[in-house]
Amino acid sequence: MKASLVLTNVDTIAALATPAGRGGVAVIRVSGPNLTPIINGILQRELSPRIATFCDFLDEQEHSLDQGIAIFFPAPHSFTGENVLELQGHGGPVVVQQILQRIFQLGARPARPGEFSERAFLNEKIDLAQAESIADLINANSVHAARAAMHSLQGEFSQLIHVLLESLIQLRSYVEAALDFSEEEIDFLGDHSLVEKIDVLISCVDEVLSQAKQGALLQEGMTIVIAGKPNAGKSSLLNRLSGRESAIVTDIPGTTRDVLREDIQIDGLPLHIVDTAGLRESQDKVEKIGIERAQEEIKKADRLLWIVDAKEEGFDPLSDPFFISLQCAAPLTLVYNKIDLIDKKPELLEKPLYTEIMISAKTAAGIDLLKKHLKSAVGYHDGEGKFIARIRHVDALKKSRHSLEVALKHLQAHRAGELVAEELRYAQKSLSEITGEFTNEDLLGRIFSSFCVGK
Ligand SMILES: Nc1nc2c(ncn2[C@@H]2O[C@H](COP(=O)(O)OP(=O)(O)OP(=O)(O)O)[C@@H](O)[C@H]2O)c(=O)[nH]1
Ligand SMILES: [Mg+2]
């Protein structure tokens with residue numbers, strides 16, 4: 001599949017690699033099989049490989065469009081694995097457009113979003129997980145996320161996947177070989193060491209899975225929806241968590257009508273906090289829409305913070321008809337707010353089906369406890385994640401783990417060698433999706449088109 005894609009990518013592509021707009025320097029990147037016409041046309045001189053050369057960038061009439069640095073990276077020692085030309089000129093939108101137009105005139109076409117990274121992947125300069133980490137590094141919102149993305153880019157995550165794949169391939173060859181000799185098949189299926197080997201592999205997958213979940217949290221964060229009756233202090237809590245007065249707070253019930261969002265971080269864990277309209281029966285047209293929106297947000301939450309006034313101590317959400325009617329699937333934290341009014345101390349209680357926490361949005365009492373609770377509720381460990389990952393990777397690891405478990409069942413319950421072999425094959429396929437060895441073109445298209453142009 002890779003080879004056929006490479007063959008269709010014979011045209012030369014160009015794009016601005018630095019952000020659009022005005023800046024000191026703009027870098028234009030050109031990649032393709034043959035850049036001689038472009039270099040001859042715009043620079044009218046030869047370039048030594050990987051040497052920065054100060055020169056004029058020329059138009060058709062040989063007038064200078066700009067002056068800057070040109071660097072030529074001959075294939076395969078370049079980012080994309082093709083011949084690459086980088087022009088570093090002045091960062092003005094007009095001058096950049098003129099240079100790009102000139103390059104297009106000389107035979108290149110505009111690059112699609114992510115097309116440089118896609119070519120790097122197709123030419124096996126990086127695998128899929130590494131290509132994704134480029135986008136993650138660029139989009140990183142915290143030092144933690146940037147470091148983790150860098151580790152992924154350097155191949156640490158891919159390396160772990162390769163180790164798992166190696167063990168799986170060994171296991172598969174053992175099983176397949178045994179299947180070829182039906183007499184020995186009986187021995188091999190009864191051989192406890194095979195069960196052990198699959199067990200060990202499942203624990204190894206679990207280990208990588210837990211790290212990948214951490215990496216995916218760093219990359220995607222989680223959505224926390226604050227909901228409850230009017231005046232409970234939802235907007236006050238949003239403001240307290242975000243550290244700014246983003247929501248209007250008054251003592252009038254029904255103050256918040258729209259959905260408000262703030263992105264915050266707790267020790268590198270990105271949290272998308274959503275404040276919603278207080279839930280109650282209302283005849284007010286605007287408030288009713290706000291309440292509908294709140295209900296929609298609750299459905300999308302990764303965790304729900306249900307706020308009640310601390311005076312309502314003993315409130316049981318699970319027997320509250322209003323709460324039940326929301327049919328919230330997300331895990332719940334019941335937050336008693338305004339403890340300053342009843343002279344209570346912050347406290348956290350683990351109930352069988354949810355967590356209870358006492359805070360004051362006004363005095364900030366218990367806010368650190370709440371933050372700590374949110375971190376541990378999603379399994380986020382302090383310190384940094386080793387590498388960045390995506391939900392896609394976590395899902396692939398889970399699928400692989402599931403296949404291994406099914407293989408184990410077939411082995412133990414029925415000694416069904418063929419089925420064991422088949423499941424091990426699925427397990428391998430799922431793992432290979434992470435690094436892109438078995439990935440279909442649709443998925444590739446989706447992944448790379450989410451990048452920006454020039455990457
Ligand atoms: N004493 C005290 N007052 C609080 C606390 N949190 C909020 N309040 C007050 O309670 C009132 C309502 O606060 P909001 O944050 O607007 O409540 P809300 O839940 O967003 O209300 P709606 O948007 O109307 O649903 C305001 O007067 C706040 O100052 C708290 O911890 N202690
Ligand atoms: Mg509010």
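Strands β11 and β13 run side by side in this predicted model, pairing in the parallel sense over 4 bridges. Within this pairing, Leu334 has Glu356 as its bridge partner in β13. Strand β11 also pairs with strand β10, which covers residues 303-309, while β11 itself covers residues 332-337; this pairing is again in the parallel sense and extends over 6 bridges. Two positions help to locate it by eye: Ile307 has Val335 as its bridge partner in β11, and Asp309 stands opposite Asn337.

How much of β11 is buried? Of its 6 residues, 6 are buried, so the strand is largely enclosed by the rest of the structure. The cover reaches both faces of β11, with Leu332, Leu334 and Tyr336 buried on one side and Thr333, Val335 and Asn337 buried on the other.

These strands belong to an open sheet of 7 strands, which can be followed in the order β8-β9-β7-β10-β11-β13-β12, and in which the pairing is mixed. The edge strands are β8 and β12, the latter formed by residues 347-350, and each of them pairs on one side only. On average, neighbouring strands of this sheet are turned by 25 degrees against each other, when direction is ignored. As a general point, the strands of a sheet pair through backbone hydrogen bonds, either parallel or antiparallel.

Beyond β13, which covers residues 355-358, the chain enters the loop that leads to α13, and Ile359 is found in this loop. Ile359 is buried, with a relative accessible area of 0%. Although Ile359 and Leu237 are 122 residues apart in sequence, their C-alpha atoms are 9.4 Å apart in space.

Leu237 can be seen alongside a metal site, since helix α10 spans residues 234-242 and includes Ser235. The magnesium ion, ligand 2, is coordinated by Ser235 through OG and by Thr256 through OG1, at 2.0 Å. Because Ser235 lies in α10 whereas Thr256 lies in the loop between α10 and β8, the pair ties together parts that are 21 residues apart in sequence. Both Ser235 and Thr256 are buried.

A further open sheet is made of 6 strands, in the order β3-β4-β5-β2-β1-β6, and here too the pairing is described as mixed. At its edges stand β3, residues 53-58, and β6, residues 109-110; each has a single partner strand, so one side of each is left without a neighbour in the sheet. Inside the order, strand β2, residues 23-32, and strand β5, residues 83-91, pair in the antiparallel sense over 9 bridges. One of the contacts in this pairing joins Ile28 to its bridge partner Leu87 in β5.

Strand β2 also offers a way towards helix α4, for the charged end of Arg29 sits over the ring of Phe116, 5.4 Å from the centre of that ring. Phe116 is among the buried residues of α4, as are Glu115 and Arg119, and the helix as a whole is mostly covered, with 8 of its 8 residues buried. After α4 comes Glu124, whose phi is positive, near 60 degrees. Another contact between a charge and a ring involves Lys197, whose charged end sits over the ring of Tyr174, 4.4 Å from its centre.

The structure holds 3 aromatic pairs. In one of them, Phe121 and Phe448 are tilted against each other, at 6.0 Å centre to centre and with 35 degrees between the planes. Since Phe121 lies in α4 and Phe448 in helix α16, residues 441-449, the pair ties together parts that are 327 residues apart in sequence. Phe121 is buried, with a relative accessible area of 1%, and Phe448 likewise counts as buried at 1% relative accessibility. Another pair is formed by Phe157 and Phe387, whose ring centres are 4.5 Å apart and whose planes are at 25 degrees, so this pair is stacked. Phe157 lies in helix α7, residues 156-180, and Phe387 in the loop between α13 and α14, so the pair ties together parts that are 230 residues apart in sequence. Both Phe157 and Phe387 are buried.

Phe157 leads on to the largest nonpolar core, which has 34 residues; Phe157 is among those with the most contacts inside it, together with residues including Ile161, Leu404 and Leu431. The elements that give two or more residues to this core are α7, α9, α14 and α15, and of these α9 gives the most, with 10 residues.

Conventions. Residues numbered from 1 in each chain as written. Chains lettered and ligands numbered in written order. Predicted model: local features only at pLDDT ≥ 70, side-chain atom pairs only at ≥ 80, totals over all residues. Heavy atoms only, no water. Donors = N, O, S within 2.8 Å, 3.2 Å for Na, K, Ca; no water. Buried < 20%, exposed > 50% of the residue type's maximum accessible area, 1.4 Å probe, protein only. Pairing = 2+ DSSP bridges. Axes fitted to C-alpha atoms, helices over the stretch in contact; angles between N-to-C directions. Phe/Tyr/Trp six-rings, centres within 6.5 Å; stacked < 30°, edge-to-face > 60°. Lys NZ or Arg CZ within 6 Å of the ring centre and 35° of its normal. Core = buried A, V, L, I, M, F, W, Y, C linked by side-chain atoms within 4.5 Å.
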